[in-house]
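Thank you all for making the time this morning. I would like to take you through one model slowly, beginning with the chain as a whole and ending with what surrounds the ligands.

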Amino acid sequence: MKKVLIREERCKQCGICVDACPKNAISYSSEINSNGYQPVVIDDDLCNGCGICYTMCPDWVFEILGDRG
Ligand code: SF4
Ligand code: SF4
């Protein structure tokens, strides 16, 4: 189940969330957004909804959907 929503257009591919995710659930898309960056994608099977990515991202890419099991 999806626990985190991504606003692809805001991602600047800085890598902060990729390094911070305790589950290694974040990688980069093969698609390129309108700013020329490959936005992050989340592996929903690995993600536990902890919200660290939401806390760390300086560009408000993530939205936590709740159910942080
Ligand atoms: S909510 Fe937690 S586990 Fe899921 S992608 Fe973000 S940092 Fe990783
Ligand atoms: S989601 Fe935020 S922290 Fe992660 S790479 Fe994109 S801009 Fe950086």
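Of the 69 residues in the protein chain, 20% are buried, and I should say at once that this is a predicted model, so please hear every value that follows as computed from it.

Let me turn to the overall layout. The protein chain contains two helices and four strands, and if you follow the sequence from its beginning you meet them in the pattern β-α-β-β-α-β. The radius of gyration is 11 Å, close to the 11 Å that the globule rule gives for 69 residues, so the protein chain is as compact as a globular protein of that length. The C-alpha trace, for its part, spans about 35 × 20 × 20 Å along its principal axes. If we consider the contacts in the protein chain with a separation of 6 or more, 59% of them come from residues 24 or more positions apart.

Next, the interior. Which residues touch the most other members of the largest nonpolar core? They are Ile26, Val40 and Cys53, in a core of 13 residues, to which β1 (4-6) and β3 (40-42) each supply at least two residues. As general background, nonpolar side chains in soluble globular proteins tend to be buried together. Staying with Val40, and setting aside residues up to four places away in sequence, we find that Val40 touches Ile6, Cys11, Cys17, Val18, Ile26, Tyr28 and Val61.

Val40 also brings us to the ligands, since Val40 is among the residues surrounding ligand 2, a group that includes Cys11, Cys14, Cys17 and Cys57, together with Lys12, Gly15 and Asp59. Sorted by class, the shell of ligand 2 holds eight nonpolar, two polar and two charged residues.

Ligand 1 is surrounded by 13 residues, of which the closest are Cys21, Cys47, Cys50, Ile52 and Cys53, and the shell of ligand 1 comprises nine nonpolar residues, three polar and one charged.

I will finish with Ile52, which sits in helix α2 (residues 52-56). Is Ile52 buried or partly exposed? Ile52 has 17 C-beta neighbours inside 10 Å, and because burial requires 20 or more while 12 or fewer would make a residue exposed, Ile52 counts as partly exposed. Beyond its neighbours within four places in sequence, Ile52 is in contact with Ala20, Cys21 and Pro22. Between Ile52 and Gly15, which are 37 residues apart in sequence, the C-alpha to C-alpha distance is 13 Å.

Conventions:
Residues are numbered from 1 along each chain as its sequence is written. Chains are lettered from A and ligands numbered from 1 in the order in which they are written. This is a predicted model: local features need pLDDT of at least 70, side-chain atom pairs count only at pLDDT 80 or more; totals for chains, interfaces and linings use all residues. A residue is near a molecule or strand if its C-beta atom, placed from the backbone, lies within 6 Å of it. Ala, Val, Leu, Ile, Met, Phe, Trp, Tyr, Cys and Pro count as nonpolar, Asp, Glu, Lys and Arg as charged, and the others, Gly among them, as polar. Two residues are in contact if their C-beta atoms, placed from the backbone, lie within 7 Å. The radius of gyration is taken over C-alpha atoms; the globule rule is 2.2 Å times the number of residues to the power 0.38. A nonpolar core is a set of buried Ala, Val, Leu, Ile, Met, Phe, Trp, Tyr and Cys residues joined through C-beta atoms within 7 Å.
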